[in-house]
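User: Please take a close look at the metal site in this model. Then follow what surrounds it outward to the neighbouring ligand and the pockets.

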Amino acid sequence: MSSQVAFKNIKEIPPVDYYTSGRRTCAGCGPAIGYRLISKAAGPNTIFIGPTGCMYVANAHQFLTSPYAVPWHHTQLGGGGAAAIGVASALRTLMLKGKRKLEDINVVVMGGDGAMADIGFSGLSMGLSYDYQRLLYIIYDNEAYMNTGVQASSTTPWGATTTFTPAGKVKPIGNTRLKKNMALVAAAHPKVKYVATATLWPPLDLMNKVHRALNAGGPTLIHVLLPCPKGWFTDPSATVDLSRLAVETGMWVLWESIEGQFKLNYKPKPRKHVREYLAPQGRFSHLKDEDMEKIDKMIEEEWKFWEESAKLGRLVVPY
Amino acid sequence: MSAIKPIPPVAIEKPKAKVWNGARAIAEAVKVADVDVIAAYPIRPYTGIMNSLASMIANGEFTADIIVADSEHSQFEVVKHASAVGARVFAGSSGVGLAFAAEPIIVTALSQLPVVAAIGTRALDDPGNFGMEWSDALMFRDFGWLISWAKTVQEAADMTLVAYRVAEDRRVLLPHFIALDGAAITHVATPVVPVTKQQATEFLPPYRPPYRIDPQDGPVTKAQHIAPSLIGPEQRKTIDVAQKRSKQVIAEAWKDFAKYTGREYPPFLETIGMEDAEFALIGMGAYMKDIELVASRLRSKGYKVGTVRLRYVRPFPAEELINALGGVKAAGVIEFGYSFGSPFGTGSLYHEVATSLYEADTKPTLLDFLFLGGREPTVEHFTQLAEKVIESAHKKPQKKTYWLTLRGEDI
Ligand SMILES: Cc1ncc(C[n+]2csc(CCOP(=O)(O)OP(=O)(O)O)c2C)c(N)n1
Ligand code: SF4
Ligand SMILES: [Mg+2]
């Protein structure tokens, strides 16, 4: 298994798109930008599975256009994990029985945080326990149930206001649960070949990780933080900047686990205060200075574990 | 075979009978159907089917991928998507397992994917109960699944082959449940004549879905979110049409099945003694054997009693039922599925029969007999209810619905 770099610079990004026009996502939609890069990296011999969520509903159009230039099938909100196993199993079995030509085909699930970290958690875990190759689970994490109108999921960060966890007079913080770390969960599955986190920054990082995952020789997962202007109450033009700030403030940690080998991809030096990431976002606008300090402290504490993991070359659970 | 004799259209193989329970017999049928992907999750009483399949695969009796799922929801998601890619698939469940998988089960039909699944019928919780009821299977009456109901282990195995043939027919493309009465079919061993590999291969053409999810077939987008104004009702109509078309396909398939195996079945209704019957006992499943026995005993006492057994609840054979019941004075529906708060407190099957008879020129007095909560009925109970049906022809019955309760006082 390699830590190979398929796309060394922007010029090497293939011009062909497999996620194209014919959709109605919001302006500046992080998951849509992510989808485009992920599908470019995966290439034409790919089947996408789309659990319900924005990347299902908003990728359709009332005039029946489809943005997908590769085979694509809807699955139920909690069905991503199992649907991919069905596809992978069918391909492998049909090839094994001589009913289909032998070929490498990627199976990629584009599941939201609600789809993968909540309702489809059990099925995802099942999927990660099998040994199908070229099987990649993408969690496109916009940190809430956006398609239904911004409700908290188990990956919503502490302090975010959502329609189910609004900040109010008696409950001033909004969401008080701590974000679930799905990449760590995935890494706890012994058959998993490759786990990574990513976002839209640095450029090419996400695409190279997709390439590595699909060539890893087993089930893989990439947990991708993707800003959502509607649910984060941010400017559509700020999506990529926010991805960068998430990394530079240490709020989002870029790492890979390649067959159990831990690699920290980026260490902010110096780490920016989390305020820079939180302040532009309407969902945190109710937070007081002391709340932001608290978040910054949590990040500080957590980073000790990431650095320890980097030193040891294997994951040390931070919680 | 001699070369000078005219060759019959199909030379019927006559394999030796085996003694198999329903679970094993279904598994053997799945094996000869050359199924590719199977998804399993344990729940009584259907589990034995998967146990058998797993050991057949482990011992190299046939090649298939068996996925040990984390839940019934995943189980049905696995087979749905494997089917979309072009694999022949098999799943199954019972009781609350089906309830847990309701979401993928429903969308499988609305997506027109020809999944075949077995139901070992079982009472739903609460309280937990290993007994047999029909409400788990009948939950899925309304979404487009074809649903057949077996009387014997032999029929259950044969229905499995026919199910693949009908479900995968391009005129149909609907998923298919085979309902097996829990314990009575799943666990009872009887002699079964197996369908041979050769018979299955000749009877069942390979599965070729029209639009596969496979890069070989180009960029197919399937089950995309839609605008109701554009294809909402039209998409639903395709399911309705497929259900209606399936009647002819089912009839053809059973005729063909007889050609290859020598075993003949009437496609939709099995009627016994209905030619001159004044009284009819209507039902389905394994207990029909006892009900037929009761009818024949009453006949020998001079009562013109016949039986009508439904082999399919979807598509529902309404015309056939109206024809069979023409001239009958009184009839009783005998069933194991409830619908609390329904008209007259009758069961699910009664609604189907009564709706059909509303279109009949002459309507018999129609009573309903409910066996709920999993307690096993006996020949004695069936005799008592048959007597109620006979009596109702000349004396207006006090009520429509009769229950078997603790003391049996209702029947
Ligand atoms: C079983 C089920 N429950 C609820 C819904 C309603 N629903 C549709 S989209 C959605 C949001 C999914 O959230 P997430 O996976 O985070 O994706 P996002 O919308 O944020 O892109 C929900 C809850 C559904 N479609 N299915
Ligand atoms: S709500 Fe968020 S995730 Fe959904 S389409 Fe809009 S920006 Fe994208
Ligand atoms: Mg989300």
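Analyst: In this predicted model, the magnesium ion (ligand 3) has three protein donor residues: A:D113 through OD, A:N142 through OD1 and A:A144 through O. These donors lie 2.0 to 2.1 Å from the ion. Water is not among the atoms, so the site may look incomplete.

The sequence spacing of the donor residues is D-x28-N-x1-A. The site therefore draws on distant parts of the chain, with A:D113 and A:A144 31 residues apart. A:D113 belongs to helix α4 (residues 113-119) of chain A. A:A144 sits in the loop between β4 (135-141) and α6 (182-187) of chain A. Are these two residues buried or exposed? Both A:D113 and A:A144 are buried.

A:N142 leads on to the next ligand. This residue is a donor to the magnesium ion, and A:N142 also belongs to the surroundings of ligand 2. The other residues around ligand 2 are A:T25, A:C26, A:C29, A:P31, A:C54, A:C228, A:P229 and A:K230. Cysteines recur in that list, at A:C26, A:C29, A:C54 and A:C228. By class, the shell holds six nonpolar residues, two polar ones and one charged one.

Now the pockets. The largest has a volume of about 1200 Å³. Its lining counts 39 residues. Nearest its centre lie B:L110, B:S111, B:K222, B:A223 and B:Q235. Which elements supply at least two residues each? From chain A there is β2 (72-75). From chain B come α3 (72-85), α5 (102-110), β9 (221-222) and α9 (228-261). Helix α9(B) gives the most, with nine residues. The lining comprises 19 nonpolar, 13 polar and seven charged residues.

The second largest pocket has a volume of about 560 Å³. Here 26 residues form the lining, and A:K179, A:M251, A:I299, A:E302 and A:Y319 lie nearest the centre. In chain A, β6 (219-225) and α11 (289-312) each supply at least two residues of this lining. The largest share, eight residues, comes from α11(A). By class, the second lining has 17 nonpolar, four polar and five charged residues.

Back to the metal, in brief. A side-chain oxygen of A:D113, OD1 of A:N142 and the O atom of A:A144 are the protein donors. A:N142 is one of the residues surrounding ligand 2 as well.

Terms used
Residues numbered from 1 in each chain as written. Chains lettered and ligands numbered in written order. Predicted model: local features only at pLDDT ≥ 70, side-chain atom pairs only at ≥ 80, totals over all residues. Heavy atoms only, no water. Donors = N, O, S within 2.8 Å, 3.2 Å for Na, K, Ca; no water. Helix = DSSP H or I, 4+ residues; strand = E, 2+ residues; numbered from the N terminus. Buried < 20%, exposed > 50% of the residue type's maximum accessible area, 1.4 Å probe, protein only. Near = heavy atom within 4 Å. Nonpolar A, V, L, I, M, F, W, Y, C, P; charged D, E, K, R; others polar. 1 Å grid on protein atoms, 1.4 Å probe; cavity = no way out; pocket = protein on both sides within 12 Å on 5 of 7 lines; lining within 4 Å. Points joined across faces, edges and corners; volume = space filled by probe spheres on them.
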